[in-house]
Amino acid sequence: MDEPVQPSEQEISDQRRLKGARARATIARHAADVASVEGLTGLSLGRLAGDLGVSKSGVATLFGTKENLQLAAVQSAREVFIEHVVRPALSADRGMPRLRAMIGHWFDYVGEPLLPGGCFRGASVPEFDSRPGPVRDALAADRDDWFAVLEKEIGRAQEQGYLAGLDPHTVAFQLDAVVAAANTAARMGDDTALPTARAIIEGLLGSTLER
């Protein structure tokens, strides 16, 4: 009978890395969930270990410091946003159709929150806007990237005759402000928040068609 083939040291190492990556992703996603409600400053290695039924030392091995855990939460929340807001809209035609698709998915993300505290950016940016450091830098970079995506599609929409004469950054700022306000109001139990915000944005996008 043939002897069973033993995995090589490289295969064992690869399996361990894969297992570690999966554990890190699971913890980071839970960290994003917790931070969306309690804030990034409320995260701790011990808290997450207790929530997930793993050892604190295991969490510490994966992340090292609370700051690294906060950064992982920011990245995980960013991936959730891209997966559910940006990527689905890419199937729409460029310009106004894609801009409207992104806004529609954005409202879905806020209205039926994938994170228990609603929009992660809306919860975390005010917490760190005056706190210099790597976490603030990561949040700022994420916000800048989202504005760049919006501004690109706004520019394409203008080439199609929409939003004539408006500054793309200003329009992106308005869109972000309205959705952020709707997110906050919705978390406070205001049932009119999302319909009101949709109407405001429809007025902005629908009334500026160049004729």
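1. Starting with the helix 4 and helix 7 pair: on the helix 4 side, the contact uses Glu67, Gln70, Leu71, Val74, Arg78, Phe81, Val85 and Val86, and these meet Pro134, Val135, Ala138, Leu139, Asp142, Asp145 and Trp146 of helix 7. Sorted by class, that contact has 10 nonpolar residues, one polar and four charged. Keep in mind throughout that this is a predicted model.

2. Now the geometry of that pair. Helix 4 covers residues 66-89 and helix 7 covers residues 134-159; their axes come within 9 Å and cross at roughly 10 degrees. Angles under 35 degrees count as roughly parallel, so helix 4 and helix 7 are roughly parallel to each other. As for handedness, the crossing of helix 4 with helix 7 is right-handed.

3. On to the enclosed space. How many cavities of 30 Å³ or more does the count come to? One. The largest cavity has a volume of about 80 Å³. Its lining is made up of Val74, Ala77, Arg78, Phe81, Tyr109, Cys119, Phe120, Arg121, Ser124, Leu139 and Asp142. Some names come back here: Val74, Arg78 and Phe81 from helix 4, with Leu139 and Asp142 from helix 7, belong to the helix contact in point 1 and are also in the cavity lining.

4. Who supplies that cavity lining? Helix 4, helix 6 and helix 7 give at least two residues each, and the largest share, four residues, is from helix 4. By class, the lining of the largest cavity splits into seven nonpolar, one polar and three charged residues.

5. The largest pocket comes next, with a volume of about 260 Å³. It is lined by 13 residues, and the ones closest to the pocket centre are Arg121, Gly122, Val125, Asp176 and Ala180. Two elements, helix 6 (120-128) and helix 8 (168-187), contribute two or more residues to this lining. Helix 8 has the largest share, at six residues. The pocket lining divides into eight nonpolar, two polar and three charged residues. Arg121 is worth a look in the viewer: it is among the residues closest to the pocket centre, and it lines the largest cavity as well.

6. Helix 8 also has a partner in helix 9 (residues 193-206): the two pack at an angle of about 170 degrees, and their axes are 8 Å apart. Angles over 145 degrees count as roughly antiparallel, so helix 8 is roughly antiparallel to helix 9. From helix 8 the contact takes Val171, Gln174, Leu175, Val178, Val179, Ala182, Ala185 and Ala186, while helix 9 brings Ala193, Leu194, Ala197, Ile200, Ile201 and Leu204. No charged residues turn up in this contact, which has 13 nonpolar and one polar.

7. Last, a pair earlier in the chain. Helix 2 (residues 45-52) and helix 3 (residues 56-63) have axes that come within 8 Å and cross at roughly 120 degrees. Parallel, antiparallel, perpendicular or oblique: which word fits helix 2 and helix 3? Roughly perpendicular stops at 115 degrees and roughly antiparallel needs over 145, so the two helices are oblique to each other. Helix 2 passes helix 3 in a crossing that is right-handed. Leu45, Gly46 and Ala49 of helix 2 make the contact with Lys56, Val59, Ala60 and Phe63 of helix 3. That gives five nonpolar residues, one polar and one charged.

Technical notes
Residues are numbered from 1 along each chain as its sequence is written. This is a predicted model: local features need pLDDT of at least 70, side-chain atom pairs count only at pLDDT 80 or more; totals for chains, interfaces and linings use all residues. Side-chain values use heavy atoms; hydrogens and water are left out. Axes are lines fitted to C-alpha atoms, for helices over the stretch in contact, and angles run from 0 to 180 degrees between N-to-C directions. Angles under 35 degrees count as roughly parallel, over 145 as roughly antiparallel, 65 to 115 as roughly perpendicular and the rest as oblique. A crossing is left-handed if the near helix is turned anticlockwise from the far one by less than a right angle, and right-handed if clockwise. Contact means heavy atoms within 4.5 Å. Ala, Val, Leu, Ile, Met, Phe, Trp, Tyr, Cys and Pro count as nonpolar, Asp, Glu, Lys and Arg as charged, and the others, Gly among them, as polar. On a 1 Å grid over the protein atoms alone, a cavity is a set of points where a 1.4 Å probe fits but cannot get out, and a pocket is an open set with protein on both sides within 12 Å along at least five of seven lines; lining residues have an atom within 4 Å of a point. Grid points are joined across faces, edges and corners, and a volume is the space filled by probe spheres set on the points.
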